[in-house]
Amino acid sequence: METVSGILNGFAALTDPTVFAYMVGGFLIGTFFGAVPGLTAVLAVALLLPLTFSLPTETALVMCASIFMAGMYSGSITATTINIPGAPSSMMTAIEGNPMMQRGEGSKALGHAAFGSMIGGAAGALLLMLIAPFAAHAALLVRTPGKFSLILFALVVIVIAQKKTMAKGLAATVLGLMIATIGIDVMEPVPRFSFGFETLVAGIDMMPLIIGTFAISELLIQAENVNTGFGVDPRSLSNASAIRRRDFLPTRADLKEIGILTYVKGTLIGYFTGVLPGAGGSMAAFVSYAEAMRSSKHPEKYGKGSIQGIAAAESANNSMCGGAFVPMLTFGIPGDPTTAVVLGVLIINGLQPGPQLMTTQFHLVAPMFAALFISALVLIPLTLFAFGPYFIKIVSIRKAFLYPAIAVVALVGGYVATFSIFQMMLSLVFGIIAYFLRKENFPTVSLLLGFLLGPSLEQYFRRSLSLNDGDPSIFLTSPDSLFFLALTAVFFYFMVLRKPRKLDLSPPAGDEN
């Protein structure tokens, strides 16, 4: 009863006009940072850190929660409209949303992205309130070998999902893993593959790779399409001017096609992926997307504009927000980069994550839980209703102005994220590399996910071997590891061996995300 009372008091705290204003302001800031390529919710919360010194603890945490939820949702905006994900977790949304935008169905894609985000985000927040202690204990059951097998499972699914270009998907994933090894060794303070350059000792930051592989390469691809308005179908431009707010509402037929089970599975996959430290929204979205594709009655629609794919990805990456707070609050282990920054907010305010925080100081974090729920259930649909037509009209801006502006913002975002001219220049380098990869139909999604998951894969692999005196049998004797290896085999059987599908996540050169 004390927990229920604390949660109700958390919702009551949001009725304070000042706290509510900070929640709405944080949501708008998160929407902007999440939608602009190169700017992320992580950066928004990081910039908020100095402000927390002058804010009450509850208010600071409420603002962090609304930024987190908004940043996770708004990455789908530019992913759909201009094929440049505003956040890594929106990569799968771009694969399905942008083809719909090209067909003049941008409002439909954005509507389903917002609806999936609303369902997943609200359900994830509820799960956080109701079963956080149980989920935290379940996460502790996944030991180091199990974490390695989980990441291996994600990488295998990434490769086999490419279908016709599986070999290229494998090559792109391996390239991402190789790039991730540049810099300080994950286990020892020894630089690797720096080739004598001091600037490479710190490694390759995530933001230059994201900006290069998505923003810069997309700009180069679009620059080739001078006869079609930088690659945007003219129908999108004409439809944008006549867009109505009711066009964003999902129809009953669409919801029936998606199925309630898609939302349920996406929400549960996203939440429990978030509970696993370091998994993040990208893994949640991809695993949910792959599962939806595997079980879909119409797999041939995937990669060409599937609303079911959008629903699966967006419900998962937003429900991950609730799950990511579980290890951070109970053990001080952030579930993703954003909660790592929120952990700094807690420490700045003198709060120590752990069992005591969830019991004696629950009244301080309960408003944050309530803010997650309200941001998902109320602010996401309201934002789309208020600004949706303007999101669509991004494509009506003259591309000769839009894309140079995006290039400038992306490069500035790369610099702001690292404060390094060298890392900013790497954005251009990776953009050129990704451009040629895309011309040859190599999936850049696999490249990025290989880079993001590579350090954790190596770290858990080496730690597991050190725990067993170098004997790799630990991966077969640990129950959690064996479970994920068996799950990998199941996915490989259903997606590759059992029934060949005419499905390819890799669109033709020039249209790939």
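Buried means under 20% relative accessible area, exposed means over 50%, and partly exposed lies in between. The exercises below use a predicted model.

**Exercise 1. Classify Asp469 and Asn441 as buried or exposed, and describe their backbone.**

Step 1. Locate Asp469. Asp469 sits in the loop between H19 and helix H20 (474-477).

Step 2. Apply the cut-off. Asp469 has 76% relative accessibility, so Asp469 counts as exposed.

Step 3. Locate Asn441. Asn441 belongs to the loop between helix H18 (421-439) and H19.

Step 4. Apply the cut-off again. The relative accessible area of Asn441 is 17%, so Asn441 is buried.

Step 5. Check phi. Most residues other than glycine have a negative phi. Asn441 is not a glycine, yet its phi is positive, about 70°. Asp469 is also a residue other than glycine, with a positive phi near 55°.

**Exercise 2. Summarise the protein chain: how many helices and strands, and what share is buried?**

Step 1. Take the secondary structure. The protein chain has 21 helices and 2 strands.

Step 2. Take the burial. Of the 513 residues in the protein chain, 58% are buried.

Step 3. Take the contact range. Consider contacts between residues at least 6 apart in sequence: 80% of them join residues at least 24 apart.

**Exercise 3. Describe helix H9 by its span, bend and cover.**

Step 1. Span. H9 covers residues 206-224, which is 19 residues. From first C-alpha to last, H9 reaches 27 Å, close to the 27 Å expected at 1.5 Å a residue.

Step 2. Bend. At Gly212, H9 bends by about 35°.

Step 3. Cover. H9 is mostly covered, with 15 of its 19 residues buried.

**Exercise 4. Work out how H9 and H19 are oriented, then how H5 and H13 are oriented.**

Step 1. Take the first angle. H9 packs with helix H19 (residues 444-467) at about 175°, and their axes are 10 Å apart.

Step 2. Classify the first pair. Angles over 145 degrees count as roughly antiparallel. H9 and H19 are therefore roughly antiparallel to each other.

Step 3. List the first interface. From H9 come Met206, Leu209, Ile210, Thr213 and Phe214. They meet Thr444, Leu447, Leu448, Phe451 and Leu452 in H19.

Step 4. Take the second angle. The axes of helix H5 (residues 91-102) and H13 cross at roughly 50° and come within 8 Å.

Step 5. Classify the second pair. H5 and H13 are therefore oblique to each other.

Step 6. List the second interface. H5 contributes Met91, Met92, Ile95 and Glu96. Their partners in H13 are Ser282, Ala285, Phe286 and Tyr289.

**Exercise 5. Trace the surroundings of Ser306: where does it lie, and which residues does it contact?**

Step 1. Place. Ser306 lies in the loop between helix H13 (280-295) and helix H14 (307-331).

Step 2. Burial. Ser306 has 4% relative accessibility, so Ser306 counts as buried.

Step 3. Polar partners. The side chain of Ser306 reaches the backbone nitrogen of Gln308 at 3.3 Å. A polar atom of that Ser306 side chain also lies 3.2 Å from the backbone nitrogen of Gly309.

Step 4. Contacts further along the sequence. With neighbours within four places left aside, Ser306 is in contact with Glu96 and Lys301. Glu96 is one of the H5 residues that meet H13.

**Exercise 6. Compare the settings of Asn317 and Met283. What separates them in sequence and in space?**

Step 1. Asn317. Asn317 lies in helix H14. Its relative accessible area is 0%, so Asn317 is buried.

Step 2. Polar contacts of Asn317. The Asn317 side chain makes a polar contact with the side chain of Glu314 at 3.5 Å. Another polar contact joins the side chains of Asn317 and Asn318 at 2.6 Å.

Step 3. Other contacts of Asn317. Not counting residues up to four places away in sequence, Asn317 touches Met72, Ser89, Gly281 and Ala285. Ala285 is among the H13 residues that meet H5.

Step 4. Met283. Met283 is in helix H13. At 6% relative accessibility, Met283 counts as buried. Not counting residues up to four places away in sequence, Met283 touches Leu150, Ile151, Ala154, Thr273 and Leu453.

Step 5. Separation. Met283 and Asn317 are 34 residues apart in sequence. From C-alpha to C-alpha, they are 8.3 Å apart in space.

Note on methods:
Residues are numbered from 1 along each chain as its sequence is written. Side-chain values use heavy atoms; hydrogens and water are left out. Helices (H or I, at least four residues) and strands (E, at least two) are DSSP runs, numbered from the N terminus. Buried means under 20% relative accessible area, exposed over 50%, partly exposed in between (1.4 Å probe, protein chains only). A polar contact is a pair of N or O atoms within 3.5 Å; within protein, one must be able to donate a hydrogen and the other to accept it, and residues adjacent in sequence count only if both atoms are side-chain atoms. Contact means heavy atoms within 4.5 Å. The expected span of a helix is 1.5 Å times one less than its number of residues. The bend at a residue is the angle between axes fitted to the seven residues ending there and the seven starting there. Axes are lines fitted to C-alpha atoms, for helices over the stretch in contact, and angles run from 0 to 180 degrees between N-to-C directions. Angles under 35 degrees count as roughly parallel, over 145 as roughly antiparallel, 65 to 115 as roughly perpendicular and the rest as oblique.
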